Amino acid sequence: MEIALYIRHIDDEAKPYLATLTETLHRSGITTRQVTDGDSVDGCDFLFTIGGDGTLLSSVQFVHSSSPAAFPPILGINFGHLGFLTAAGKENAGTLVDELLQGHYTLEKRSLLEVNGGYALNEVFLHRSDAASLLRIEATVDGDYVATYAGDGVIVATPTGSTAYSLSCGGPILTPNSRCLAITPISAHTLTLRPIIVPDTATVVMRVDGAETYTLGIDSRRTTLHGSTQLTLRRAPFSINLVRTGSQSFFSAIRDKLSWGS
């Protein structure tokens, strides 16, 4: 078994936990390959992301449209804060190895958004710049005009991303196996513009005409745009797998990490 380790940054206090994890893997006869941005993870049995949700989201860059089936399941180990997507905390990193070797895990399929040749696990959004009073975004679904959103911006979220930025803007929570997308306005100027749910078979187009400067967000990546642009978003023709260990589930994660009670 070979496991790819993707690490962006960890604090000095967390480094002993990482050392324990790698030592446990090697003692169990598992080889590791540390990968950085631009590397390939093809041929690995699992991809461990070491960090928080941002690190896990960034690992989607390793997906290649030419060989999506070769992309290994992702197991996130939380070396950060909330870690909603991650499967375990750094304190439990050593026990993960036993669970994997014994087959005590499940795989959750997660859909991706395809936009302009890239992929997003959580969301794609457009947001006004600090200097702009508001941003006007025209949205269509399968060619049918929905509305022109005037405000801070618009988010298109996958079920995975429904518990992230979209949720903080009043969007709904979607279970991972929901076959839909959430379109959530950000501080809409018109109060009746509310989040809507569309099937993930739909093609969503967002168009901005003539704005000076604004931001395109694809998960944790940010790009500054100028002038007019058009984004075409659709579900990618493949999914990725997240590893869940023990009795962990989507609803247990909500209860534990969003404080939904016992």
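This is a short talk about cores, helix packing and a few individual residues in one predicted model.

Before the details, a word on conventions: because the model is predicted, local features need pLDDT of at least 70 and side-chain atom pairs count only at pLDDT 80 or more, while totals for chains, interfaces and linings use all residues. Residues are numbered from 1 along each chain as its sequence is written, and side-chain values use heavy atoms, with hydrogens and water left out.

Let me begin with the interior. The largest nonpolar core, by which I mean a set of buried Ala, Val, Leu, Ile, Met, Phe, Trp, Tyr and Cys residues joined through side-chain atoms within 4.5 Å, has 28 residues, and those with the most contacts inside it are L126 and L233. Strand 9 (residues 135-141) supplies the largest share of this core, four residues; strands here are DSSP runs of E with at least two residues, helices are runs of H or I with at least four, and both are numbered from the N terminus. Buried, in this talk, means under 20% relative accessible area, exposed means over 50%, and partly exposed is in between, with a 1.4 Å probe and protein chains only. There is also a second, separate core of 25 residues, and among its members are A4, Y6, F84 and L242.

Coming back to L233, and leaving aside neighbours within four places in sequence, this residue is in contact (heavy atoms within 4.5 Å) with L113, E114, V115, V124, V156, A202, T203, V204 and M206.

Now to the helices. Two packed helices are described by the angle between their axes and the distance between the axes. For helix 1 (residues 15-27) and helix 3 (residues 93-101), the axes come within 8 Å and cross at roughly 25°; the axes are lines fitted to C-alpha atoms, for helices over the stretch in contact, and the angles run from 0 to 180 degrees between N-to-C directions. Helix 1 and helix 3 are therefore roughly parallel to each other, given that angles under 35 degrees count as roughly parallel, over 145 as roughly antiparallel, 65 to 115 as roughly perpendicular and the rest as oblique. Their crossing is right-handed, in the sense that the near helix is turned clockwise from the far one by less than a right angle. At the contact itself, L21, T24 and L25 of helix 1 meet A93, G94 and V97 of helix 3, and by class this contact has four nonpolar, two polar and no charged residues. In that classification Ala, Val, Leu, Ile, Met, Phe, Trp, Tyr, Cys and Pro count as nonpolar, Asp, Glu, Lys and Arg as charged, and the others, Gly among them, as polar.

Towards the end of our helix list, helix 5 (residues 250-257) has F250, S252, A253 and I254 as its buried residues, and these pack against strand 6 (105-115). Just after helix 5, S259 takes a positive phi of about 55°.

Which other residues have a positive phi although they are not glycine? D219 is one of them, with phi of about 55°, and this residue sits in the loop between strand 15 (213-218) and strand 16 (221-226). D142 is another, with phi near 50°, and its place is in the loop between strand 9 and strand 10 (144-151). As for accessibility, D219 is buried, with a relative accessible area of 2%, whereas D142 counts as exposed at 53%.

D219 also turns up among the contacts of A120, a residue of strand 7 (residues 118-120) that counts as buried at 0% relative accessibility. Beyond four places in sequence, A120 is in contact with L112, L113, T158, I218 and D219.

Two more buried positions deserve a mention. T245, in strand 17 (residues 229-245), is buried with a relative accessible area of 8%, and its contacts, not counting residues up to four places away in sequence, are L75, A87, L96, E99, H104 and Y105. S166, in helix 4 (residues 165-168), is buried with a relative accessible area of 0%, and outside its neighbours within four places in sequence S166 is in contact with I155, A157, G161, G171, A182 and T184.

Finally, D42 lies in the loop between strand 2 (31-35) and strand 3 (46-51) and counts as partly exposed at 29% relative accessibility. Not counting residues up to four places away in sequence, D42 touches R33, S67 and A70.
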